[in-house]
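Hi,

Here is the model I promised you. Have a look at it first, and then read on for my notes.

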Amino acid sequence: APEPATLVIFGVTGDLSRRKLLSAVFGLWQDGLLGSAFNIVGVGRQEMTDEQFRDYAAEALKTSKETDAIQPGNLEKFRELLYYEYGDFATDEVYDRVGQQLDEAENAHGGRKNAVFYLSTPPSLFEPISAGLGRLGLQDESEGWRRIIIEKPFGTTLETARHLNDAIHGVWDESQVYRIDHYLGKETVQNLMAIRFGNAIFEPVWNRSYVDHVQITAAEDLGLEGRAGYYEEAGIIRDMLQNHLMQLFTLVAMEPPVAFDEGAIRDEKVKVLRAVKPIPASQVKFSAVRGQYGPGTLAGERVPGYREEPGVAEGSSTPTFVAIKLEIENWRWQGVPFFIRTGKRLPKKVTEIAVVFKKPPLGLFPGGLERNVLAFRIQPDEGVSLKFSSKTPGQENQLREVTMDFRYDAFGAGLESPYSRLVLDAMLGDATLFPREDEVDHAWQLVSGMLDAWEGKAAAEFPNYAAGSWGPEAADELMGPDRRWRRL
Ligand code: BG6
């Protein structure tokens, strides 16, 4: 268990905290993973007493789908751990009171003043809050460790991300900074490394001699969920591609690390990002496709187009879909394209990574599968499957596609929230599952060309896919004549 510590959540009344974070932390506490001395200080701009905040949190826990079954009496006990501070994040008072809370926690626990500051706020507040904590000396580790977790998106462009990095480093040492990408907290995402590097049979074929291409899909049926204000600014590139999809890509493509530790793993992740052939603005039309959904039918229901969503500008050119082709210039992957697509209002929620192998050198039998596929089902229906061809019983040598399938059900337990794993890791001081500054920087470099080519330019083709479809046709053309997106 971590040492006695206080978790300070800025933006605690926000969406993420209400729907996911509080449940994740409650789950850790209920499972006894947070040690005996633990407190949460919620911080927000809204005026509330501790008691009102406890009611708020209890309500959030009871209504969130992500809360584990609450054992009798536990809600009452958990409430006692919660405190609240409010104020204007631009002034010093609120940080001063947070500092007092840490003093009180120390008195109560007789321990050190360890603290994790979780910035679950709109991105525009990352810098002011970090600076505010710094003005009051709350980053100082002389009386206990201090760490800061920063939500995504980390910056809005390469330049602003660098600026934010500099501002954060003006206060914190990189070893104190935990940039969160909740995809890395997913069990199935961690399993990518475990399966690749914990088995002998996959790595030998994991290269250009055997792999034809790799496809990564992160599809969502959801639309905006009332987040137009944020999404209009962000769009799919900042919301999904620069962070979550780049992380998935990196884990599939990286070289084996020399050890399973944060330095070695993050070094390999950066190395593969560095090897990706850049896509400058002038080349974007050959390597990327953007889309925005129009009205359509999803699960039998009519849904409005993006531009009809409340809060979206009439002629908005914000992309809600993107597909890209990446090429990696290194020994392992020369000539093997990686296709990545993600979008809102696609037919269903599914995230999958498919390693598609080369065709057999000689077609001896009729039928069967054109290419073997090893598919990692990140979510839902979590598992891994291998598709291959088998002879159909009978007099003829007719092949048919069959599947070997591993499902997480085999473990008999549900999967934890990604946030619980990541919060616990931050409290334990393990940054392995958090992107380092150079990783974030390289991921921004990779999407910069797209932002330059598309941003501020009217998208005459929008809307170019119907809600409930798999995205614009141009995304299919990106694959070339001989390859197809998998039907999921
Ligand atoms: C978030 C994005 O980071 O990830 C959302 O802001 C998106 O727009 C979500 O819906 C997807 O996460 P998950 O875990 O549901 O796949």
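**What turned up**

Let me begin with a loop: Arg-345 sits in the one between strand 13 and strand 14. Keep in mind that this is a predicted model. Arg-345 is not a glycine, yet its phi is positive, at about 55°. In general, most residues other than glycine have a negative phi, and most peptide bonds are trans.

On that last point, there are cis bonds to look at too. One joins Lys-152 and Pro-153, with omega at about -10°; Pro-153 belongs to the loop between strand 5 (146–150) and helix 6 (158–169). Another cis peptide bond runs from Phe-462 to Pro-463, with omega near -10°, and Pro-463 is found in the loop between helix 12 and strand 18 (465–466).

Now the ligand. Which residues surround it? The shell is made up of Lys-152, His-182, Tyr-183, Lys-186, Glu-220, Arg-227, Asp-239, Met-240, His-244, Lys-344, Lys-349 and Gln-379. So you will meet Lys-152 from the cis bond again here. By type, the shell splits into seven charged, three polar and two nonpolar residues. Helix 8 (residues 228–253) supplies the largest share, three residues.

A few polar distances are worth displaying. From an N or O atom in the Glu-220 side chain to a ligand oxygen it is 2.5 Å. For Lys-349, a polar side-chain atom is 2.7 Å from an oxygen of the ligand, and for Lys-344 the corresponding distance to a ligand oxygen is 2.8 Å. The protein buries 84% of the 400 Å² that the ligand exposes when taken alone.

Then the sheet. It is open, with eight strands in the order 8-12-13-7-14-15-16-17 and mixed pairing. Strand 8 (288–291) and strand 17 (399–407) are the edges; each has a single partner strand, so one side of each has no neighbour in the sheet. From one strand to the next, the twist averages 15°.

Within the sheet, strand 14 (residues 350–357) and strand 15 (residues 373–379) pair antiparallel over six bridges. Thr-351 has Gln-379 in strand 15 as its bridge partner, and Gln-379 is also one of the residues around the ligand.

What packs on the sheet? Helix 8 does, touching strand 7 (211–219), strand 12 (321–326), strand 13 (338–343) and strand 14, with its direction at about 145° to that of strand 13. Helix 12 (residues 437–454) also packs there, touching strand 8 and strand 12, and its direction makes about 55° with that of strand 8.

Cheers

Note on methods: Residues numbered from 1 in each chain as written. Predicted model: local features only at pLDDT ≥ 70, side-chain atom pairs only at ≥ 80, totals over all residues. Heavy atoms only, no water. Near = heavy atom within 4 Å. Polar contact = N/O pair within 3.5 Å; in protein donor to acceptor, adjacent residues only side chain to side chain. Areas by Shrake-Rupley, 256 points an atom, 1.4 Å probe, with all protein chains shown as cover. Helix = DSSP H or I, 4+ residues; strand = E, 2+ residues; numbered from the N terminus. Nonpolar A, V, L, I, M, F, W, Y, C, P; charged D, E, K, R; others polar. Pairing = 2+ DSSP bridges. Axes fitted to C-alpha atoms, helices over the stretch in contact; angles between N-to-C directions. Contact = heavy atoms within 4.5 Å.
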